[in-house]
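User: Please take me through the labels used for this one, with the cut-offs behind them. I'd like to see how each call is reached.

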Amino acid sequence: MQRRPRTTMAEEGSGCTLRRPPWVSILRVAFLLFLIGMVIYCFLCNQRLAQQHQLESPGWDVAELQLNHTGPRQDFRLHWQGGPALGRSFMHGPELDNGQLRIQRTGIYRLHIQVTLTNCSSSTWTSTLHRATLSVGICSPTTRSISLLRLNFYRSCTVTSQRLTPLAHGDTLCTNLTLPWLPSRNSDETFFGVQWVHP
C-alpha cells in the first residue's frame, strides 16, 4: 500500500495578506478632499447669506422724504412723501402714515431736517418771523409724545439740523411749522429723513 503525502491546508487568518489595489487609496483621498471642499463651500455660502440678510434686514432702515404739497396748509403739521418716483426720495423700512413717518424697528436713528420758507424775505423780518418755529417730535403713540427738535428761524429763511435719537417700533414722527409760514416745495430746500445707525 502506497502512502499519500500529507498535505496541509492553510488556515484562514494564518497571516497571508491580500494586497489592495492602489485605486482604493486614491478613492479614499479623493473622498476626504471632497468632504473638506463641501465643508468649506457650506461655510462660505453661510457667510454670504448672513451678509445678504444683514443688508436686507430692517436694521438698515432709512428714509429720505420730500414735502407733500397737495393743497394749502391748514394745520401745523408738514406732510411728507417718499419713493423712487420722486427722484432722490426713498424709503426702506419706515412707512408713511398720513404723511407722517412711522418707525418699524427700534434703535438709534440719525434724524435730519431742512425747511426753507417761501413767504420769507428780508422785508418780512418782523416779530412774526422771530416766532416762526419748526419742531420735530414723536406724536404717536400718545403715551410716548416727546419733542426731539425745536428750531427757530430768527433772521434766516432756512433752518437745518440733525441729531441722534432713540426711536421705538411704532413711533410716528411729526414735523410742525408755525402758521402761516409756507415751506418751499423745492426738494433741495425742504427735506426730512432718518437713518438707523445702531440697535
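## Salt bridges

Analyst: Let's start with arginine 88 and aspartate 188, whose side chains meet in a salt bridge at 2.2 Å, N to O. Arginine 88 sits in the loop between S3 and strand S4 (90-92) and aspartate 188 in the loop between S11 and S12, so the pair ties together parts that are 100 residues apart in sequence. Helices (H or I, at least four residues) and strands (E, at least two) are DSSP runs, numbered from the N terminus. This is a predicted model, where local features need pLDDT of at least 70, side-chain atom pairs count only at pLDDT 80 or more, and totals for chains, interfaces and linings use all residues. Residues are numbered from 1 along each chain as its sequence is written, and side-chain values use heavy atoms, with hydrogens and water left out.

User: What makes the contact between arginine 88 and aspartate 188 a salt bridge?

Analyst: The term asks for a side-chain nitrogen of Lys or Arg within 4 Å of a carboxyl oxygen of Asp or Glu. Here it's an arginine with an aspartate at 2.2 Å, N to O, so the label applies.

User: Why is arginine 88 called exposed and aspartate 188 partly exposed?

Analyst: Exposed means over 50% relative accessible area, buried means under 20%, and partly exposed is in between (1.4 Å probe, protein chains only). Arginine 88 has 54%, so it passes the upper limit. Aspartate 188 has 46%, so it lands in the middle class.

User: How many salt bridges turn up in the whole structure, and which residues form a network?

Analyst: The search finds three. Glu95, Asp97 and Arg102 are the linked ones. Arginine 102 meets glutamate 95 at 2.8 Å, N to O, and aspartate 97 at 3.1 Å. As for exposure, arginine 102 is partly exposed at 24%, glutamate 95 likewise at 34%, and aspartate 97 at 35%.

## Rings and core

User: How many aromatic pairs are there, and why is the one between tryptophan 80 and phenylalanine 192 called tilted?

Analyst: The structure holds two. For tryptophan 80 and phenylalanine 192, the numbers are 5.4 Å centre to centre and 40° between the planes. This pair links distant parts of the chain, with tryptophan 80 in strand S3 (residues 80-81) and phenylalanine 192 in strand S12, 112 residues apart. Rings of Phe, Tyr and Trp (its six-membered ring) pair if their centres lie within 6.5 Å; planes under 30 degrees apart count as stacked, over 60 as edge-to-face and the rest as tilted. The centres meet the distance limit and 40° falls between the two angle limits, so tilted it is.

User: How do you know whether tryptophan 80 and phenylalanine 192 are buried or exposed?

Analyst: Tryptophan 80 has a relative accessible area of 2%, so buried. Phenylalanine 192 comes out at 0%, so buried too.

User: Which residues touch the most other members of the largest nonpolar core?

Analyst: Ile113, Leu134, Leu173 and Phe192, out of 30 residues. The elements giving two or more residues to this core are strand S1 (62-67), strand S7 (107-116), strand S8 (133-140), strand S9 (146-152), strand S10 (158-167), S11 and S12. S7 gives the most, with four residues. The term covers a set of buried Ala, Val, Leu, Ile, Met, Phe, Trp, Tyr and Cys residues joined through side-chain atoms within 4.5 Å. In soluble globular proteins, nonpolar side chains tend to be buried together.

User: What is leucine 173 in contact with, leaving aside neighbours within four places in sequence?

Analyst: Contact means heavy atoms within 4.5 Å. Leucine 173's partners include Leu111, Ile138, Leu148, Phe192 and Val194.

## Two loop residues

User: Why is serine 184 called buried?

Analyst: Its relative accessible area is 5%, so it falls under the buried limit. Serine 184 sits in the loop between strand S11 (172-177) and strand S12 (191-198). Beyond four places in sequence, serine 184 is in contact with Leu67, Thr116, Thr118, Glu189 and Thr190.

User: And what makes glycine 83 buried?

Analyst: Glycine 83 has 12% relative accessibility, so the buried label holds. Glycine 83 is in the loop between S3 and S4, and touches Ser89 and Phe90, not counting residues up to four places away.
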